[in-house]
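Subject: Handover of a structure model

Dear colleague,

Please find below the structure that I am passing on to you. My notes on what was found in it follow directly after.

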Amino acid sequence: MTSLFNKNSERKLVARLSKGNINLQHGRYQTAQDITEKVKRLEHYNFSKKYAG
């Protein structure tokens, strides 16, 4: 429950302080933790794999 509260508080703070950036105001941003998790997911991804076609 605390994590959800912190996430909501974070989104409200970013929305309030982000004048002129509609993406930030609507909560479309990545935190450092989000980026770290994404990097971990992509570490073993094979980017050289060709699409079937």
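**Serine 18 and its surroundings**

The side chain of serine 18 comes to 3.5 Å from the backbone oxygen of alanine 15. A polar atom of the same serine 18 side chain lies 2.7 Å from the backbone oxygen of valine 14. Please note that this is a predicted model, and that the distances in this message are to be read accordingly.

Serine 18 sits in the loop between helix 1 (2-17) and helix 2. Serine 18 counts as buried because its relative accessibility is 8%, and the limit for that class is under 20%. Apart from neighbours within four places in sequence, serine 18 is in contact with Leu24 and Gln25.

**The two contact partners in helix 2**

Leucine 24 belongs to helix 2. With a relative accessible area of 27%, leucine 24 is partly exposed. Its contacts, leaving aside residues within four places in sequence, are Val14, Ala15, Ser18 and Tyr29. Valine 14, whose backbone oxygen was named above in connection with serine 18, is 10 residues from leucine 24 in sequence, and the two C-alpha atoms are 6.6 Å apart.

Glutamine 25 is likewise found in helix 2. A relative accessible area of 33% makes glutamine 25 partly exposed. Not counting residues up to four places away in sequence, glutamine 25 touches Ala15, Ser18, Lys19 and Gly20. Glutamine 25 and lysine 12 are separated by 13 residues in sequence, with a C-alpha to C-alpha distance of 8.4 Å.

Alanine 15 therefore appears in three places: its backbone oxygen is reached by the side chain of serine 18, and Ala15 is listed among the contacts of leucine 24 and of glutamine 25.**Threonine 31**

Which residues does threonine 31 contact, leaving aside its neighbours within four places in sequence? They are Lys7 and Glu10. Threonine 31 is located in the loop between helix 2 (22-25) and helix 3 (32-42). Its relative accessibility of 16% places threonine 31 in the buried class.

**Helix 3 and the segment after it**

Leucine 42 lies in helix 3 and is partly exposed, at 36% relative accessibility. Together with Tyr45 and Phe47, Leu42 forms a nonpolar patch on the surface, and the accessible area of these residues together is about 330 Å².

Asparagine 46 is placed in the segment after helix 3. At 42% relative accessibility, asparagine 46 counts as partly exposed. A polar contact of 2.7 Å joins the side chain of asparagine 46 to the side chain of serine 48.

**The chain as a whole**

The protein chain contains 3 helices and 0 strands, in the order α-α-α along the sequence. It has 53 residues, of which 8% count as buried. The accessible surface of the protein chain is about 5,200 Å², and 57% of that surface belongs to carbon and sulfur atoms.

**Confidence**

The mean pLDDT of the protein chain is 80, and 87% of the residues score at least 70. Confidence is lowest in helix 1, with a mean of 78, and highest in helix 3, with a mean of 90.

With kind regards

Conventions: Residues numbered from 1 in each chain as written. Heavy atoms only, no water. Helix = DSSP H or I, 4+ residues; strand = E, 2+ residues; numbered from the N terminus. Buried < 20%, exposed > 50% of the residue type's maximum accessible area, 1.4 Å probe, protein only. Areas by Shrake-Rupley, 256 points an atom, 1.4 Å probe, with all protein chains shown as cover. Contact = heavy atoms within 4.5 Å. Patch = residues over 30% accessible without salt bridge, like charges linked within 9 Å, V, L, I, M, F, W, Y side chains within 5 Å. Salt bridge = Lys/Arg side-chain N within 4 Å of Asp/Glu carboxyl O. Polar contact = N/O pair within 3.5 Å; in protein donor to acceptor, adjacent residues only side chain to side chain. pLDDT = per-residue confidence, 0-100.
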